[in-house]
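Reader: I'm new to reading protein structures, and strands and sheets still look like spaghetti to me. Could you walk me through one?

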Amino acid sequence: MFQIAIVGRPNVGKSTLFNRLCGTRKSIVGDEPGITRDRVYGKIRHGRKAVSVLDTGGLIPETREVIPQNILSQVEAAISESHLLLLVVDGRAGVTPLDEQLLPMMRRTGKPIFTVVNKIDAPGLEAHAASFYEFGAERVFGVSAEHNRGIGDLVEAIMERTGDFPDESETPEIAGEIKVAVVGRPNVGKSSLVNRLLGFERSIVTDIAGTTRDAVDTLLERENTRYRIIDTAGIRRKGKTEGLAEKISVIMAQKSMERADVALLLLDAEEGVTKLDAAIGGYACELGCSVIIVLNKWDLVEKDEHTLEKFQESVHRRMKYLAFAPILTVSALTGQRVSKIFELIRKAYEARQVRIPTGTLNNVFAPDLEERFSMQSPHQKLGIRYITQVSSKPPTFVIFGSGREKLHFSMERYLVNRLREQFGFFAAPIRIHQKVKKPGGGRGF
């Protein structure tokens, strides 16, 4: 697909322009400079055509600070894989020395450049774009990404450059994409694991907690299976986040779990299970993700024959509601057992597709529940009209009762255990809903 990269110094509105072009709020936007760090991919659609677009972090050349240096590497990678560069500048600020510093780096690529003069919020400010013609770019556009001024002309010009690239309808699609969110608290190695899974430096990795802010999607095809790997920001406790950008990044991490099929819950094997780990595991379970617990930094743990068993006991004790989740020990740094994650992801995804016929549920499980209940309460009748599965992502079952009281939670737990024994539902939370008769008579539920 034809690809463009949005490049510029910090705080000129690159992410606002990216969101406007894509028609979605995918990149975090704020007044704080340096919010975007990793490459964020999106898509511009115009008629039958589609163009891939990359949002990049604000460039500060010749800096020795860790994160700006890593941002520079990410921008260079974005430029190298793109066909057209959008140099975004601030029309209200005019030409700055930092803007001028970026030009030689972009010109050396030999790729066409459009200068996008942002923050031209009113007709009276259009003259501010004139000074940027001295950059010698192929085209200059005065726009307001925030107010949607001039965006149409920019999109038309981008689409004219696509040439012989295929229309979206001609681009082959792969069915059955598995969405995998890598989640955990800050600094447990999420970005390192994502880079190891992908086989290249996709996300910035530093020792500084909170380096990743945007939820970064990357598509990967392995053994005829397509994965969407989502690197998320480290989730902190409410009240512990600092600044608007970090608060938004945590919200976006949680939204990534909402659209994920499988969540890789990353724990630090050196530190063991913390309360925050347990809380994040709870988020994943509530949002319906299949969960795989990944103990990272296993290479740094002093081990004996009982070490793994002790860790597993600790995890299940602190996170009883994730007793169904498999546990895998890895080292993102060395790559130890990382490839096994794909096998578990596929197994978890396949388990989410299982549908149990209503006849099986009512001929096998309903009588089983009735029998167990009669053993516990010989003089009472359980009263199940029927059971049906209403969803598979996650596996969700509804029990319709003939009375007005719901089943005791122990009976629900028994049903969940029996379903797992019979059908597996590997790594998936199982939900049980109950429908009873409304009070006051009648046949409604």
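Reader: Let's start with two strands: in which sense do strand 1 and strand 3 pair, and over how many bridges?

Author: Here's the general idea: strands of a sheet pair through backbone hydrogen bonds, either parallel or antiparallel. Keep in mind that what you're looking at is a predicted model. In this case, strand 1 (residues 3-7) and strand 3 pair in the parallel sense, over four bridges. You can pick out who faces whom: alanine 5 has leucine 54 in strand 3 as its bridge partner, and isoleucine 4 stands opposite valine 53 in strand 3.

Reader: And which way does strand 2 run relative to strand 3?

Author: Those two run antiparallel, with seven bridges joining strand 2 (residues 40-46) to strand 3. Look for tyrosine 41, which stands opposite leucine 54 in strand 3. Strand 2 and strand 3 form a hairpin, with two residues between them. In that turn, glycine 47 has a positive phi of about 65 degrees.

Reader: Is strand 3 mostly covered or mostly exposed?

Author: To judge that, go residue by residue and ask how much of each can be reached; buried means under 20% relative accessible area. Strand 3 (residues 49-55) is mostly covered, since seven of its seven residues are buried. Now check both faces. Lys49, Val51, Val53 and Asp55 point one way, Ala50, Ser52 and Leu54 point the other way, and all are buried.

Reader: What order do the strands of that sheet come in?

Author: The order is 2-3-1-4-5-6, so read it across the sheet, strand by strand. This is an open sheet of six strands with mixed pairing. Its edge strands are strand 2 and strand 6, each pairing on one side only. On average, neighbouring strands of this sheet are turned by 25 degrees against each other, direction ignored.

Reader: Which helices should I look for around it?

Author: Try helix 3 (residues 97-107), which packs on the sheet and touches strand 1, strand 4 (84-90) and strand 5. The direction of helix 3 makes about 175 degrees with that of strand 4. Then find helix 4 (residues 151-160), which lies across strand 1, strand 2, strand 3, strand 4, strand 5 and strand 6. Helix 4 runs at about 90 degrees to strand 2.

Reader: What about loops: where is alanine 127 found?

Author: Alanine 127 sits in the loop between strand 5 (113-118) and strand 6 (139-142). Exposed means over 50% relative accessible area. Alanine 127 has 59% relative accessibility, so it counts as exposed. Compare sequence and space too: alanine 127 and glycine 142 are 15 residues apart in sequence and 9.0 Å apart in space, C-alpha to C-alpha.

Reader: Which strands does strand 7 pair with?

Author: Strand 7 (residues 178-183) is joined by five bridges to strand 9 (residues 225-231), and the two run parallel. Strand 7 also pairs in the parallel sense with strand 10 (residues 262-268), over four bridges. For landmarks, valine 180 stands opposite isoleucine 229 in strand 9, while valine 182 stands opposite leucine 264 in strand 10. Strand 7 is mostly covered, with five of its six residues buried.

Reader: Why do strand 13 and strand 15 each have one side without a neighbour in their sheet?

Author: First find the sheet: an open one of three strands, in the order 13-14-15, with mixed pairing. Strand 13 (384-392) and strand 15 (431-435) stand at the edges with a single partner strand each, so one side of each has no neighbour in the sheet. The twist averages 20 degrees from one strand to the next. Strand 14 (residues 395-401) and strand 15 pair in the parallel sense over five bridges. Within that pairing, phenylalanine 400 has lysine 435 in strand 15 as its bridge partner. Helix 11 (residues 409-423) packs on this sheet, touching strand 14 and strand 15, and its direction makes about 135 degrees with that of strand 15.

Reader: Last one: how many cavities of 30 Å³ or more does a search of the whole structure find?

Author: The search finds one. About 70 Å³ of space lies in the largest cavity. Its lining has 13 residues, and Gly383, Gly401, Glu405, Leu407 and Gln434 lie nearest the centre. Strand 14 and strand 15 each supply at least two residues of that lining. By type, the lining divides into five nonpolar, five polar and three charged residues.

Notes
Residues numbered from 1 in each chain as written. Predicted model: local features only at pLDDT ≥ 70, side-chain atom pairs only at ≥ 80, totals over all residues. Heavy atoms only, no water. Buried < 20%, exposed > 50% of the residue type's maximum accessible area, 1.4 Å probe, protein only. Pairing = 2+ DSSP bridges. Axes fitted to C-alpha atoms, helices over the stretch in contact; angles between N-to-C directions. Contact = heavy atoms within 4.5 Å. 1 Å grid on protein atoms, 1.4 Å probe; cavity = no way out; pocket = protein on both sides within 12 Å on 5 of 7 lines; lining within 4 Å. Points joined across faces, edges and corners; volume = space filled by probe spheres on them. Nonpolar A, V, L, I, M, F, W, Y, C, P; charged D, E, K, R; others polar.
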